[in-house]
Amino acid sequence: MENVNNDNGDGNQDYDSSDSELESLGLDANVPLDIPPRDIPVRHIRALSDPLHSALKHRPSFPDEERLPGPSSMKRSSEVNETANSRVVSSNMGKGKPKDMDKLILIVDGTRFVVERSLFIAHPNTMLGRMFGSSNDYTARNDKGEFEVAHGISAALFKCILDYYKTGMINCPPSISIPELREACDYLLLPFNANIVKCQNLRELLHELSNDGARNQFIEFLEEFIVPVMVSAARKGNRECHIVILAEEDIVEWDREYPPSMGEEYHQIIYNNRLHRFFKYFENRDVAKDVLKERGLKKIRLGIEGYPTHKEKIKQRPNGGRLEVIYNYVQRPFVRMSWEKEESKSRHVDFQCVKQKTGVPGLVEAVDEPAALAAAGAINAPRPPPVVLGAYPEDYE
């Protein structure tokens, strides 16, 4: 389109601009509605290029129309909203859960304990931590909203256990026995060691700690020394094993012509001072027996017995009797166990009812008596007298 220049008399020239020229200047979006699009003075072009200048400034306002916010007002409103939201979040974080939700009322042995839930949350590996550590309560409430827990544990003992959640230690008074405390700790999944449990009765505490140590020690001995001997006996077809634990300085020398007459040649021997000292204590043998029961073994016997080591002398019985060998015996621990599955069937013999064959005295054969009587039509007939193998009929007349 052609441009027409006109002199307006004041030294400035006005020109007409087409729509394409306005689009090239990027001013089509900010053209005032009250100015004709084809008659824009040059002095207004710079003002229109300013982003703050808008046609809304020259647009007539209507009472029913809402005024849109500008960029600066939108920025200020967003900052105000962020500040308000941050204040709300900080206030909610400060408040947290209601105090009533954090309090738990536990009933143990008829006694009520008010405990904070956060104490159990701090110990999630314990039973109470698993029960009340999450929002889902695994224990049913009673009509008053209370929890009944730790059945079989006294209130005084539970009070000592709560000290672990508060201070990390358990102070056991003399009125509570250490075995009772140990049982409660095992039930509630609490650790039991000398760093946590403090008590006056050291004998009972050390006894419980020795049981734990003996159990762990025997498991090592079982895998290292005893199991290889049992496997060796099983490869020979045996289903039981008798192991004698000797000291390393013990020497076994039997006379081949006059061996001991007690069947010791079928025993297995383990030379180990550590294992020998372990089985010296009665309590350790009880712990070892429990471990063997847990491993599925049967007919377990542990104790101390005399074991012949070497021949001392040969003595002849009076009146020209046979020779008697005297051996030296030492008291050593032994372990006997069995892994026989059908032990009752191996030692049980079933005897069948037999009937003598007709006309052949002394020979008998096994028959099915009910089937034979039914074939003869005498189901209700009296039973024949018992027959002994190798006997004649006249012996029963």
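A residue counts as buried when its relative accessible area is under 20%. In this predicted model, buried residues make up 27% of the 397 residues in the chain. The secondary structure comes to 13 helices and 13 strands. Residues 24 or more positions apart account for 57% of the contacts with a separation of 6 or more. The chain has an accessible surface of about 27900 Å², and carbon and sulfur atoms hold 51% of that surface.

**Helix H7 and its surroundings**

- The buried residues of H7 are Ala155, Leu157, Phe158, Cys160, Ile161, Leu162, Tyr164 and Tyr165.
- These buried residues pack against strands E3 and E4, helices H5 (117–121) and H6, strand E6 and helix H8.
- H7 has 13 residues, which at 1.5 Å a residue should span 18 Å; the end C-alpha atoms lie 19 Å apart, so the two values agree.
- Gly168, just after H7, takes a positive phi of about 85°.

**Nonpolar cores**

- In soluble globular proteins, nonpolar side chains tend to be buried together.
- The largest nonpolar core here has 35 residues, and those touching the most other members are Leu106, Phe120, Phe132, Val149, Phe158, Tyr165 and Leu181.
- Two or more residues of this core come from each of strand E3 (103–108), strand E4 (111–116), helix H6 (127–132), helix H7 (155–167), strand E6 (170–172), helix H8 (178–187) and strand E7 (197–199).
- H7 gives the largest share of this core, eight residues.
- A second, separate core has 25 residues, including Ala214, Leu222, Met230 and Ile245.

**Ala214 in helix H9**

- Ala214 lies in helix H9 and counts as buried, at 5% relative accessibility.
- Leaving aside residues up to four places away in sequence, Ala214 touches Phe278, Asn284 and Val287.
- The C-alpha atoms of Ala214 and Glu283 are 8.7 Å apart, although 69 residues separate the two in sequence.

**Helix H11**

- Helix H11 covers residues 282–294; its 13 residues should span 18 Å at 1.5 Å a residue, which agrees with the 19 Å between its end C-alpha atoms.
- Asn284, Arg285, Val287, Ala288, Val291 and Leu292 are the buried residues of H11.
- Seen down the helix axis, the buried residues of H11 fall within an arc of 160°, so they line one face of the helix.
- An α-helix has 3.6 residues a turn, so residues three or four places apart point the same way.
- On the other side of H11, Phe282, Lys293 and Glu294 are exposed.
- The packing partners of the buried residues of H11 are helix H9 (202–235), helix H10 (273–278), strand E10 (298–316) and strand E11 (323–338).
- Gly296, just after H11, has a positive phi of about 95°.

**Salt bridges**

- A search of the whole structure finds nine salt bridges.
- Arg295 and Glu223 form one of them, at 2.9 Å from N to O.
- This pair links distant parts of the chain, with Arg295 in the loop between H11 and E10 and Glu223 in helix H9, 72 residues apart.
- Arg295 is partly exposed at 47% relative accessibility, and Glu223 is also partly exposed, with a relative accessible area of 42%.
- Salt bridges that share partners join Arg182, Asp186, Glu208 and Asp212 into one network.
- Within this network, the side chains of Arg182 and Asp186 meet at 3.2 Å, N to O.
- Arg182 and Asp186 are four residues apart in helix H8, which means that about one helical turn separates them.
- Arg182 is buried, with a relative accessible area of 14%, whereas Asp186 is partly exposed at 45%.
- Arg182 also meets Glu208 in a salt bridge, at 3.9 Å from N to O.
- The Arg182 and Glu208 pair links distant parts of the chain, since Arg182 is in helix H8 and Glu208 in helix H9, 26 residues apart.
- Both Arg182 and Glu208 are buried.

Conventions. Residues are numbered from 1 along each chain as its sequence is written. This is a predicted model: local features need pLDDT of at least 70, side-chain atom pairs count only at pLDDT 80 or more; totals for chains, interfaces and linings use all residues. Side-chain values use heavy atoms; hydrogens and water are left out. The expected span of a helix is 1.5 Å times one less than its number of residues. Buried means under 20% relative accessible area, exposed over 50%, partly exposed in between (1.4 Å probe, protein chains only). The arc is that of the directions from the helix axis to the C-beta atoms. Contact means heavy atoms within 4.5 Å. A nonpolar core is a set of buried Ala, Val, Leu, Ile, Met, Phe, Trp, Tyr and Cys residues joined through side-chain atoms within 4.5 Å. A salt bridge is a side-chain nitrogen of Lys or Arg within 4 Å of a carboxyl oxygen of Asp or Glu. Accessible areas come from the Shrake-Rupley method with a 1.4 Å probe; for residues, only the protein chains shown count as cover.
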